[in-house]
Amino acid sequence: MKQKPTFGVIGGGSWATAIVKMLCENLDQVGWYMRSVYAIEHLKREQHNPSYLSAVEFDPNQLLLSNDINEIINYADIIVFAVPSAFIGGELKNMTASLQGKIIFSAIKGIMPESGKLVGAHFHDIYDIPFENIGVISGPCHAEEVALERLSYLTIACANNEIAQTVADHVSCHYIKCTTSDDIIGIEYAATLKNIYAIAAGIAHGLGYGDNFQSVLMSNAIREIKRYVKRAHKMKRDINGSAYLGDLLVTGYSVFSRNRMFGNMIGKGYTVKSAQMEMSMVAEGYYAAKSALDLNNTREKKARIPIIEAVHSILYKGKEPKKVFKKLADRLD
């Protein structure tokens, strides 16, 4: 790997914007693919993303901005994908540049709907990227607090510790602290599943359940993550670590959590479609609820996942949240 690798970020949303901000603390130039020509022109002129984290100011001279994904892929040695999982397939269809020799990091907290695979596994199987060149950027971390430069923590996971440390060094700064891990699969699953539990927490809040119930819900959620991840990839891991429990808690409780906000709307009586239309950002947990349940059902030994099943029945089967949560409450301990 190069001593001074170049970085490119794919995505124009809040998390992509936050990652670019972190990289700009340490690099003279960062490649940034945004699909919207308007957003690029606005950023060049006004020095901020017009739609997400607008308080973050950038120096346009520090950015290589492009609405051509291939330009950024050709430029960067390390490419960070930060597009919602539901839309990444559409972006990849426009890609003609080769990924061979590139290092791919996923900041996508979801399962690929086309294949039902984690993002890392998708890049390995479809684009023949070696697993040692694939990594994950995870929390616990909200983009909004990165924008405010509040002290935040990231977990950088990769089988190649040198690569993990390199990425960690390039996003670390006075308001970002990083730890590294080799549990790529476990952390990627945890980052995906926690969005479903945040929707559950939001639904509970919308239905009028209090803090006492929420605490039991989160306690059961981390145990559910442990069962699910163990079935997917058995290895020694501390499920109480920041990348697992910490990420779950911040997503389940924070006012910045879009998944909790989405669930709260559902609990208050919004339809799925009306809640999605009202939100300006994507709630990844909506797509994850289907992918995670479908994936579990394909396994010979299924994990017990009553919370995921409950959320799925509300979002995809039109079940009444009040009745579903009354039954779920009897299954929690």
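These questions and answers go through parts of a predicted model.

Visitor: How many salt bridges does the structure hold?
Guide: Side chains of opposite charge can pair when their charged atoms come close. A salt bridge here needs a side-chain nitrogen of Lys or Arg within 4 Å of a carboxyl oxygen of Asp or Glu. The number of salt bridges in the structure is ten.

Visitor: Which residue forms a salt bridge with Glu 91?
Guide: The closest N and O atoms of the pair are 3.8 Å apart, and the cut-off is 4 Å. The partner of Glu 91 in this salt bridge is Arg 35.

Visitor: How many residues apart in sequence are the parts that Glu 91 and Arg 35 tie together?
Guide: Glu 91 is part of helix 4 (residues 85-93). Arg 35 sits in the loop between strand 2 (30-33) and helix 2 (37-46). The pair therefore ties together parts whose separation in sequence is 56 residues.

Visitor: Is Arg 35 buried or exposed?
Guide: Its partner Glu 91 has 6% relative accessibility and counts as buried. For Arg 35 the relative accessible area is 63%, and the cut-off for exposed is over 50%. Arg 35 is therefore exposed.

Visitor: Which residue forms a salt bridge with Asp 247, and where does that partner lie?
Guide: The closest N and O atoms of Asp 247 and Lys 194 are 3.6 Å apart. Asp 247 lies in helix 10 (residues 242-253), so the pair ties together parts that are 53 residues apart in sequence. Both residues of the pair, Asp 247 and Lys 194, are buried. The partner is Lys 194, in helix 8 (residues 184-207).

Visitor: How many residues apart are Arg 223 and Asp 333, the two ends of another salt bridge?
Guide: The side chains of Arg 223 and Asp 333 meet with an N to O distance of 2.7 Å. Arg 223 is in helix 9 and Asp 333 is in the segment after helix 15 (321-331), so the pair links distant parts of the chain. Their separation is 110 residues.

Visitor: Is Asp 333 buried or exposed?
Guide: Arg 223, at 32% relative accessibility, counts as partly exposed. Asp 333 has 57% relative accessibility, and over 50% is the range for exposed. Asp 333 therefore counts as exposed.

Visitor: Which residues form the positive surface patch?
Guide: One of the members is Lys 230, which is placed in helix 9 (residues 211-232). At 47% relative accessibility, Lys 230 counts as partly exposed, and a patch residue needs over 30%. The patch is formed by Lys 226, Lys 230, Arg 231, Lys 234 and Lys 301.

Visitor: How many of the 14 residues of helix 13 are buried?
Guide: Helix 13 covers residues 284-297 and reaches 20 Å from its first C-alpha to its last, close to the 20 Å expected at 1.5 Å a residue. Its buried residues include Glu 284, Tyr 286, Leu 293 and Asn 296. The helix is mostly covered, and the number of buried residues is ten.

Visitor: How far apart in space are Gly 263 and Leu 315?
Guide: Gly 263 is found in helix 11 (residues 258-267). Gly 263 is buried, with a relative accessible area of 0%. In sequence Gly 263 and Leu 315 are 52 residues apart, and their C-alpha to C-alpha distance is 9.6 Å.

Visitor: What separates the C-alpha atoms of Pro 306 and Lys 177?
Guide: Pro 306 is found in helix 14 (residues 306-317). At 4% relative accessibility, Pro 306 counts as buried. Along the chain Pro 306 and Lys 177 are 129 residues apart, and the separation of their C-alpha atoms is 34 Å.

Visitor: Which residues does a cis peptide bond join?
Guide: Most residues other than glycine have a negative phi, and most peptide bonds are trans. Here, a peptide bond with omega of about 15° is cis. Pro 140, on one side of this bond, is in the loop between strand 8 (134-138) and helix 6 (143-147). The cis bond joins Gly 139 and Pro 140.

Visitor: What is the phi of Gln 47?
Guide: Gln 47 is in the loop between helix 2 and strand 3 (63-66), and at 34% relative accessibility counts as partly exposed. Its phi has a positive value, in a residue other than glycine, near 70°.

Conventions:
Residues numbered from 1 in each chain as written. Predicted model: local features only at pLDDT ≥ 70, side-chain atom pairs only at ≥ 80, totals over all residues. Heavy atoms only, no water. Patch = residues over 30% accessible without salt bridge, like charges linked within 9 Å, V, L, I, M, F, W, Y side chains within 5 Å. Areas by Shrake-Rupley, 256 points an atom, 1.4 Å probe, with all protein chains shown as cover. Lys, Arg positive; Asp, Glu negative; His and termini not counted. Charge placed at Lys NZ, Arg CZ, Asp CG, Glu CD. Helix = DSSP H or I, 4+ residues; strand = E, 2+ residues; numbered from the N terminus. Buried < 20%, exposed > 50% of the residue type's maximum accessible area, 1.4 Å probe, protein only. Expected span 1.5 Å × (residues − 1).
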